[in-house]
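Here are my notes on this one, written as numbered points. Have the model open in your viewer while you go through them.

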Amino acid sequence: MKLVTLIALALVIRASYATLGFDAISTLTSSTFQCLGSNGYSFFIARVGRSNGQVDTVGVQNIKNARSAGWTNVDAYIFPCTASCASASNQVQNAINAIKNAGTTVGTIWLDIEILSWPSNTATNRQFITDMVNTVQNNGYRVGIYTNANNWNTIVGAWTGTSSLPLWWAKYDGQQNFGSFSPFGGWSAPTIKQYEGDVNGPCGVSLDQNWRP
């Protein structure tokens, strides 16, 4: 019985340490990351591509600062420009080049698929997303999709073309679990949940809160 109790306690401690993360777009110093780590955050997702089609240099520097603070679980996301910008492939390649040129790296590159200036043609949108996915993979990075059912179905319709990729699911219900998830896009479960947005977090940082099991 004592062994079972100790194992259960170890699992609780591990879960409480490893499951809380955040994404933010403001400038974050290495000392800020150290502060956030002391407040229970253990993974970070930086924006490296903006909705105007430009590389987010602040996000790239944030990746470097997180790494220098000792953070090992650091990802990136690209919010693509879908109107009068560079091609899907070029936008992704530019962001990846900026990460490489900064002398840093990330784990997964997430593609932010949410309603903003997407064409009404779902076939066009599917190809745009496919081009982004292929470019990330051709550069040797893992790739995932950030979205929710409303955004996904509006932009690409009943398409399951990326269901083999991890899902970063947006559901602002304040709950650190996947209990309210309903399958869509071919996904049966998310990998990460963004459960609360625009939070005045610790260490003076405005952030979105994320959870992963």
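1. Let me start in the middle of the sheet: Ile109 has Val143 in S5 as its bridge partner. S4 (residues 108-112) and S5 (residues 142-147) run parallel and share five bridges; strands are said to pair when DSSP finds at least two bridges between them. From S4 the chain crosses through helix H5 (residues 122-138) to S5, a right-handed β-α-β crossover. Right-handed here means that, with the strands pointing away from you, the path from the first strand over the helix to the second goes clockwise. Helices (H or I, at least four residues) and strands (E, at least two) are DSSP runs, numbered from the N terminus.

2. Before you go further, bear in mind that this is a predicted model: local features need pLDDT of at least 70 and side-chain atom pairs count only at pLDDT 80 or more, while totals for chains, interfaces and linings use all residues. Residues are numbered from 1 along each chain as its sequence is written, and side-chain values use heavy atoms, with hydrogens and water left out.

3. On its other pairing, S4 is joined in parallel to S3 (residues 74-78) by three bridges, with Tyr77 opposite Trp110. S3, helix H4 (residues 88-101) and S4 form a right-handed β-α-β unit.

4. Which residues of S4 are buried on each side? Thr108, Trp110 and Asp112 are buried on one face, and Ile109 and Leu111 on the other. That accounts for five of the strand's five residues. Buried means under 20% relative accessible area, exposed over 50%, and partly exposed in between, using a 1.4 Å probe and protein chains only. As background, side chains in a regular strand alternate between the two faces of the sheet.

5. Now the wider sheet: eight strands close into a barrel in the order S1-S2-S3-S4-S5-S6-S7-S8, with mixed pairing. The average twist from one strand to the next is 30°. S2 (residues 43-49) and S3 are parallel and linked by five bridges, and Arg47 sits opposite Tyr77 in S3. Helix H3 packs on the sheet, touching S2 and S3, and its direction makes about 155° with that of S2. Angles run from 0 to 180 degrees between N-to-C directions, and axes are lines fitted to C-alpha atoms, for helices over the stretch in contact.

6. Two buried residues to click on. Gly107, in the loop between H4 and S4, has a relative accessible area of 17%. Beyond its neighbours within four places in sequence, Gly107 contacts Arg67, Val74, Asp75, Tyr141 and Arg142, where contact means heavy atoms within 4.5 Å. Asn65, in H3 (residues 57-68), is buried at 14%. With neighbours within four places again left out, Asn65 touches Leu28, Thr29, Ser30 and Phe33.

7. Last, the helix pair. The axes of H5 and H6 (residues 149-156) come within 7 Å and cross at roughly 115°. That makes the two helices roughly perpendicular; the classes are under 35 degrees for roughly parallel, over 145 for roughly antiparallel, 65 to 115 for roughly perpendicular, and oblique for the rest. Thr122, Asn125, Arg126 and Ile129 of H5 meet Trp152, Thr154, Ile155 and Val156 of H6.
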